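Trainee: Hi! Could you walk me through this one? I'm new to it.
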Amino acid sequence: MVQSEAWHNGCMATSADAILDGLDEAQRAAAMAVDGPVRIVAVAGAGKTRTVTRRIAYACASGAWDPARTLAVTFSVKAAAEMRVRLSKLGVGAAVTAATF
């Protein structure tokens with residue numbers, strides 16, 4: 001599949017639909033829930049970080065969230081770095097802040 005790109009809220013992002021490619025039904029539902037908080041509970045390796053980063057990228061690409069006003073908070077420096085890498089690959093890494101407490 002060819003991924004289209006567009007400018008949304010001042011950053012280059014893959015199309016919202018393309019961002020959801022490869023997610024299972026539950027992950028897709030979580031990623032598309034852009035209004036209000038979402039709790040993602042799963043075992044190690046189940047795709048929590050993938051789902052969270054896709055949710056952020058989807059919300060930014062669809063115009064629901066302003067990437068410059070989006071903060072991803074995690075518990076470790078390593079996890080925050082991984083989130084930044086994944087968000088960059090999804091086209092919003094330069095605008096979204098990913099950090100620790």
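Mentor: Happy to. This is a predicted model. A good place to begin is its contacts: of those in the chain with a separation of 6 or more, 58% are between residues 24 or more positions apart.

Trainee: And how many helices and strands does the chain have?

Mentor: There are 4 helices and 4 strands. Along the sequence they follow the pattern β-β-α-α-α-β-α-β.

Trainee: What percentage of the residues count as buried?

Mentor: The figure is 36% of the 101 residues of the chain.

Trainee: Let's zoom in, then. Which residues of helix 2 are buried?

Mentor: Helix 2 covers residues 25–32, and its buried residues are Gln 27, Ala 30 and Ala 31. They lie on the same side of helix 2, because the arc they cover around the axis is only 100°.

Trainee: What covers those buried residues?

Mentor: Helix 3 is included in what covers them.

Trainee: How do helix 2 and helix 3 cross?

Mentor: Their axes cross at roughly 40° and come within 8 Å. Helix 2 and helix 3 are therefore oblique to each other. The crossing of these two helices is right-handed.

Trainee: Which residues meet there?

Mentor: From helix 2 you have Gln 27, Ala 30, Ala 31 and Met 32, and they meet Thr 51, Arg 54, Arg 55 and Tyr 58 in helix 3. By class, that contact has 4 nonpolar, 2 polar and 2 charged residues.

Trainee: Tell me about Thr 51. Is Thr 51 buried or exposed?

Mentor: Thr 51, which lies in helix 3, counts as buried because its relative accessibility is 3%, and the cut-off for buried is under 20%. Not counting residues up to four places away in sequence, Thr 51 touches Gln 27, Ala 30, Ala 31 and Ile 40. Gln 27, Ala 30 and Ala 31 are the buried residues of helix 2 that we just went through.

Trainee: Nice, that ties together. Next topic: what is the angle between helix 3 and helix 4?

Mentor: Helix 3 (residues 48–61) and helix 4 (residues 77–89) pack at about 50°, and their axes are 10 Å apart. That angle makes helix 3 oblique to helix 4. The crossing of helix 3 and helix 4 is right-handed.

Trainee: And which residues make the contact?

Mentor: Helix 3 brings Thr 49, Arg 50, Val 52, Thr 53 and Ile 56, while helix 4 brings Met 83, Arg 86 and Leu 87. The residues of this contact divide into 4 nonpolar, 2 polar and 2 charged.

Trainee: What about Ser 88? Where is its place?

Mentor: Ser 88 is in helix 4. Ser 88 is partly exposed, with a relative accessible area of 46%.

Trainee: How many Å separate the C-alpha atoms of Ser 88 and Thr 53?

Mentor: Those C-alpha atoms are separated by 9.8 Å, and the two residues are 35 residues apart along the chain.

Trainee: One last spot. Which strand does Thr 74 lie in?

Mentor: Thr 74 lies in strand 3, which runs over residues 71–74. With a relative accessible area of 14%, Thr 74 is buried.

Trainee: What is Thr 74 in contact with?

Mentor: Leaving aside neighbours within four places in sequence, Thr 74 is in contact with Ala 79, Ala 80, Met 83, Ala 99, Thr 100 and Phe 101. You have already come across Met 83, as one of the helix 4 residues that make the contact with helix 3.

Trainee: Great, thanks for the tour!

Notes:
Residues numbered from 1 in each chain as written. Predicted model: local features only at pLDDT ≥ 70, side-chain atom pairs only at ≥ 80, totals over all residues. Heavy atoms only, no water. Axes fitted to C-alpha atoms, helices over the stretch in contact; angles between N-to-C directions. Parallel < 35°, antiparallel > 145°, perpendicular 65-115°, else oblique. Left-handed = near helix turned anticlockwise from the far one by under 90°. Contact = heavy atoms within 4.5 Å. Nonpolar A, V, L, I, M, F, W, Y, C, P; charged D, E, K, R; others polar. Buried < 20%, exposed > 50% of the residue type's maximum accessible area, 1.4 Å probe, protein only. Arc of directions from axis to C-beta.
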